[in-house]
Amino acid sequence: MKARHRRAALILAGLCATGVGTALALHALNGSIALFVTPSQIRAGDAPHAAMFRLGGLVQQGSLQRDGLTVRFLVTDTSKAVPVVFTGILPDLFAQGRGVVVQGRLGPHGTFHATQVLAKHDADYMPPEARDAVEQARQAQRTLVQ
């Protein structure tokens, strides 16, 4: 085998190995990607039916029903609403009228079966420890100015 043919074979093998590696990486990432969908998009039929995705919106006032660990509520974008069923412990920030993102699958009858509930907080939210530290810093600044 000539040096030129050997070099071409090595380049071809390298390209094939890179292609296989890229294909495996993309296949692995495909399983962890979760699309974000609104209730209006689900009602319009734009939601994936076989894949997991995230549904975001507000928990509709008066829609929360508890039965042991199973919780049912409506997620709305103020235009359309989607019923959600979740079995498990809800996060502390979960409340009616507040933002929520739920991850799961859409059932055959239009009910979203959530496997995870993420409660969203206001943009001005601060953990109590951070709030206390900021308040102490403000008090220290006031005493320095006086």
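The following questions and answers walk through a predicted model.

Visitor: How many helices and strands does the protein have?
Guide: The elements run α-β-α-β-β-β-β-β-β-α from the N terminus. Helices both open and close that order. The totals are three helices and seven strands.

Visitor: Where is confidence lowest, and where is it highest?
Guide: The mean pLDDT of the protein is 81, and 81% of its residues reach 70 or more. Where pLDDT is low, the predicted coordinates should not be read in detail. Confidence is lowest in helix 3, residues 128-145, at a mean of 65. Confidence is highest, at 94, in strand 5.

Visitor: What share of the residues is buried?
Guide: The protein has 146 residues. To count as buried, a residue needs a relative accessible area under 20%. The buried share is 24%.

Visitor: Among contacts between residues at least 6 apart in sequence, what share joins residues at least 24 apart?
Guide: The count leaves out pairs less than 6 apart in sequence. Within the contacts that remain, the share joining residues at least 24 apart is 46%.

Visitor: Which element gives the largest share of the largest nonpolar core?
Guide: This core has 21 residues, and Ile42, Leu55, Phe73, Val84, Phe94, Val102 and Phe112 touch the most other members. Strand 2, strand 4 (70-76), strand 5 (81-87), strand 6 (99-106) and strand 7 (112-119) each give two or more residues. The largest share, four residues, comes from strand 7.

Visitor: Which residues does Ile42 touch, not counting residues up to four places away in sequence?
Guide: Ile42 is among the core residues that touch the most other members. Helix 2 spans 39-43, so Ile42 falls within that range. The residues touched are Val37, Ala47, Phe53, Leu55, Val82 and Leu106.

Visitor: Is Ala47 buried or exposed?
Guide: Ala47 lies in the loop between helix 2 and strand 2. Beyond its neighbours within four places in sequence, Ala47 is in contact with Val37, Gln41, Ile42 and Phe53. The relative accessible area of Ala47 is 8%, and the cut-off is under 20%, so Ala47 is buried.

Visitor: What separation do the C-alpha atoms of Ala47 and Phe36 have?
Guide: Ala47 and Phe36 are eleven residues apart along the chain. Their C-alpha atoms are separated by 9.2 Å.

Visitor: In which sense do strand 4 and strand 5 pair, parallel or antiparallel?
Guide: The two strands form a hairpin with four residues between them. In that hairpin, Thr78 takes a positive phi near 70°. Val71 stands opposite Phe86 in strand 5. Over seven bridges, the sense is antiparallel.

Visitor: Which residue in strand 7 is the bridge partner of Val85?
Guide: Strand 5 also pairs with strand 7. That pairing is parallel, over three bridges. The bridge partner of Val85 is His113.

Visitor: What is the angle between the planes of Phe53 and Phe112?
Guide: The structure holds two aromatic pairs. Phe53 and Phe112 form one, with centres 5.2 Å apart. Phe53 lies in strand 2 and Phe112 in strand 7, so the pair ties together parts 59 residues apart in sequence. The geometry is edge-to-face, with an angle of 70°.

Visitor: How far apart are the ring centres of Phe73 and Phe94?
Guide: Phe73 and Phe94 are both buried. Phe73 lies in strand 4 and Phe94 in the loop between strand 5 and strand 6, so their pair ties together parts 21 residues apart in sequence. The pair is edge-to-face, with 65° between the planes. Centre to centre, the distance is 5.0 Å.

Visitor: Which backbone nitrogen lies 3.1 Å from a polar atom of the side chain of Ser63?
Guide: Ser63 is in the loop between strand 2 (53-59) and strand 3 (65-67). At 11% relative accessibility, Ser63 counts as buried. Leaving out residues up to four places away in sequence, Ser63 touches Arg72, Phe73, Leu74 and Gln96. The nitrogen belongs to Leu74.

Visitor: Which side chain does a polar contact of 2.9 Å join to that of Gln103?
Guide: Gln103 has its place in strand 6. With 15% relative accessibility, Gln103 counts as buried. The side chain in question is that of Arg54.

Definitions and conventions: Residues are numbered from 1 along each chain as its sequence is written. This is a predicted model: local features need pLDDT of at least 70, side-chain atom pairs count only at pLDDT 80 or more; totals for chains, interfaces and linings use all residues. Side-chain values use heavy atoms; hydrogens and water are left out. Buried means under 20% relative accessible area, exposed over 50%, partly exposed in between (1.4 Å probe, protein chains only). A polar contact is a pair of N or O atoms within 3.5 Å; within protein, one must be able to donate a hydrogen and the other to accept it, and residues adjacent in sequence count only if both atoms are side-chain atoms. Contact means heavy atoms within 4.5 Å. A nonpolar core is a set of buried Ala, Val, Leu, Ile, Met, Phe, Trp, Tyr and Cys residues joined through side-chain atoms within 4.5 Å. Two strands pair if DSSP finds at least two bridges between them. Rings of Phe, Tyr and Trp (its six-membered ring) pair if their centres lie within 6.5 Å; planes under 30 degrees apart count as stacked, over 60 as edge-to-face and the rest as tilted. pLDDT is the predictor's confidence in each residue, from 0 to 100.
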